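Please open the model in your viewer and keep the sequence beside it, since each stop on this tour begins with a selection.

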Amino acid sequence: MIRLEQLHKSYTVGSKTVPALADINLAIEPGEIFGIIGHSGAGKSTLVRCINLLERPTGGRVIVGETDLTTLTAKELQQERRKIGMIFQHFNLLSSATVQDNIAFPLRLAKRPKEEVDRRVSELIQLVGLEEHRTKFPAQLSGGQKQRVGIARALAADPKVLLCDEATSALDPQTTASILALLRDINRRFGLTIVLITHEMQVIRAVCDRLAVIESGQIVETGRVLDVFLKPQHPTTREFIEQVEDSAELREVLKHEKAAGTRNIVRITFIGEKTYEPVLYESMREADVSFAILQGTISRMKDTPYGQLVVELNGTTEQVEEAIRLLLARGVEVERL
Amino acid sequence: MTTGFLSVGLAITFSNIPWPQIGEGLVATLLMLLFSLLFTILLGLPLGIFLFLTSPGQFLENKPVYAVLSVVVNILRSVPFIILMIVIFPVTKWIVGTTIDVQGAIPPLVFAAAPFFARLVGTTLREVDRGVIEASQAMGASRLQIVLRVLLPEARPGLIAAATITAVNLVSYTAMAGAVGAGGLGDLAIRFGYYGFKPGILIVTVVLMVALVQLLQTLGDRLVRRYSRK
């Protein structure tokens with residue numbers, strides 16, 4: 001749906017050239033929710049703004065659908081942009097227009113007939129649950145409500161792609177959750193491709209299918225959220241994962257256990273329905289090994305349940321080997337720490 | 001009737017105020033104000049928009065054009081009105097065929113007020129949230145649509161405030177125009193009140209102009225409040 005090929009972006013400040021993005025290659029599939037995570041200044045905002053050419057890349061191609069946006073004239077670009085919705089951290093609503101006029105705005109820009117505008121606005125107001133606020137002005141709404149208006153406005157012209165530029169960063173956790181739920185709902189119902197940038201791993205975990213980690217203008221890691229979460233490769237990725245997992249705490253536990261001379265510590269990873277099965281207990285019983293759970297998470301990654309347990313196994317070397325073999329046989333992943 | 005003392009010690013009398021002439025003067029002032037404000041907005045608004053759009057960082061950014069416009073605007077703003085009016089007599093004569101009366105006053109009033117108003121328009125437009133402009137670009141708005149559907153509506157309260165300030169300035173300019181043959185309240189104040197030693201007339205005209213300014217300001221403030229959504 002979206003392909004970024006050898007994308008480069010640099011800014012010229014005085015006589016100096018400051019690189020912002022270097023050799024970005026990404027392919028985003030139709031219907032997926034793709035997350036881009038990075039610290040502030042990493043270039044994630046520049047990257048998402050390159051997708052609709054709010055920032056014009058200095059090199060490379062931006063292909064949305066079948067069209068290479070970088071080759072278009074100003075007029076053609078306006079037409080293509082109507083197929084790409086965008087929402088913003090600070091909502092960027094027209095303060096002088098009511099909720100319904102804000103939502104109607106892209107349709108009026110496209111000079112759609114009045115009946116169509118009215119019908120579409122009513123549908124969207126209902127979709128985002130703002131029926132009672134139709135004639136209010138943005139200043140009269142809460143942050144979450146403003147972002148709902150932003151979403152309705154972004155969807156008005158029936159785009160194929162929705163870009164979210166830190167869309168939940170100005171919202172409290174509860175409101176963030178409700179906005180994310182709305183985005184997932186829209187993604188499912190309309191098969192909309194969503195590109196979301198954030199600095200919060202919770203956001204990625206809650207809605208994304210795949211993610212890319214960006215650091216100093218380069219993509220340092222990319223993959224399915226589940227895979228990246230369970231086996232992060234890059235230090236920056238690990239850092240982000242620590243936002244949601246207590247891996248820092250785990251390091252403490254390990255240090256303590258190692259010091260105490262305990263050896264048989266393993267990390268067991270469950271993915272999917274196995275998470276809820278008594279895999280651990282059964283394997284341990286068969287191998288006649290006793291165990292202590294040192295740390296653990298059982299959670300969901302978007303729709304997939306997963307669990308990760310750090311377990312200390314107590315038994316002879318053979319018993320422990322057997323226990324690990326049995327676990328592997330049951331299809332869970334085991335890693336010695 | 002009423003007597004009092006001006007600080008210079010002249011006796012003030014309101015017994016022989018030429019009310020019909022005051023009435024004519026008021027009408028002349030109002031006409032000057034109305035037409036000059038109208039043309040000031042018609043010229044100054046597009047000029048201000050253009051000034052803003054060609055300024056650095058905006059989507060018609062053009063350094064030479066902006067620099068030239070900016071200098072022209074500054075020159076017109078820095079020449080005192082009473083001198084500007086005299087300097088442009090030939091231009092006035094060419095535009096309206098005369099340099100006196102209400103007609104003759106309008107071109108210099110517009111020449112003085114339009115650059116001032118344009119500057120205020122530019123400043124007001126700069127206050128419009130960049131994010132909103134960007135969002136409309138992302139939605140595929142053309143430049144014209146951004147100006148008409150985003151910049152102007154978003155800046156409306158500020159633009160009304162700018163027009164109000166300009167109108168108030170124009171009231172004082174019309175009084176100066178009175179000094180060189182434009183008629184109006186200023187003319188009465190200067191001719192009868194000052195040269196003719198009739199402080200009564202002076203005071204009546206001043207009171208009328210103060211009332212006019214108050215009225216304009218109140219009206220402007222009310223409109224600003226009505227359109228403010230922040």
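Which residue of β2(A) does T12(A) stand opposite? Select T12(A) and look across to T17(A), which is the residue standing opposite in β2(A). Bear in mind, here and at every later stop, that this is a predicted model.

Now extend the selection to strand β1 of chain A, residues 2–13, which pairs with β2(A) in the antiparallel sense over 9 bridges. Both belong to an open sheet of 4 strands in chain A, with antiparallel pairing and the order β2-β1-β4-β5. At its edges you will find β2 (16–28) and β5 (67–68) of chain A, each of which pairs on one side only.

Next, show both chains and turn to where they meet: 18 residues of chain A are in contact with 18 residues of chain B. On the chain A side, select α2 (74–81), β6 (84–88) and α3 (99–109), each of which supplies at least two of the residues that touch chain B. Coloured by class, this side of chain A shows 9 nonpolar, 7 polar and 2 charged residues.

For the interior, select I103(A), V195(A), L196(A), L211(A) and L109(B), the residues with the most contacts inside the largest nonpolar core, which has 137 residues. Helix α7 of chain B, residues 143–179, gives the most to this core, with 16 residues. Centre the view on L109(B) and, leaving aside residues up to four places away in sequence, you will find that L109(B) touches M32(B), S36(B), L170(B), Y173(B), T174(B) and A177(B).

Finally, select F270(A), L280(A), V311(A) and I324(A), which are among the 14 residues of a second, separate core.

Note on methods
Residues are numbered from 1 along each chain as its sequence is written. Chains are lettered from A and ligands numbered from 1 in the order in which they are written. This is a predicted model: local features need pLDDT of at least 70, side-chain atom pairs count only at pLDDT 80 or more; totals for chains, interfaces and linings use all residues. Two residues are in contact if their C-beta atoms, placed from the backbone, lie within 7 Å. Ala, Val, Leu, Ile, Met, Phe, Trp, Tyr, Cys and Pro count as nonpolar, Asp, Glu, Lys and Arg as charged, and the others, Gly among them, as polar. Two strands pair if DSSP finds at least two bridges between them. A nonpolar core is a set of buried Ala, Val, Leu, Ile, Met, Phe, Trp, Tyr and Cys residues joined through C-beta atoms within 7 Å. A residue is buried if 20 or more other C-beta atoms lie within 10 Å of its own, exposed if 12 or fewer, and partly exposed in between; C-beta atoms are placed from the backbone.
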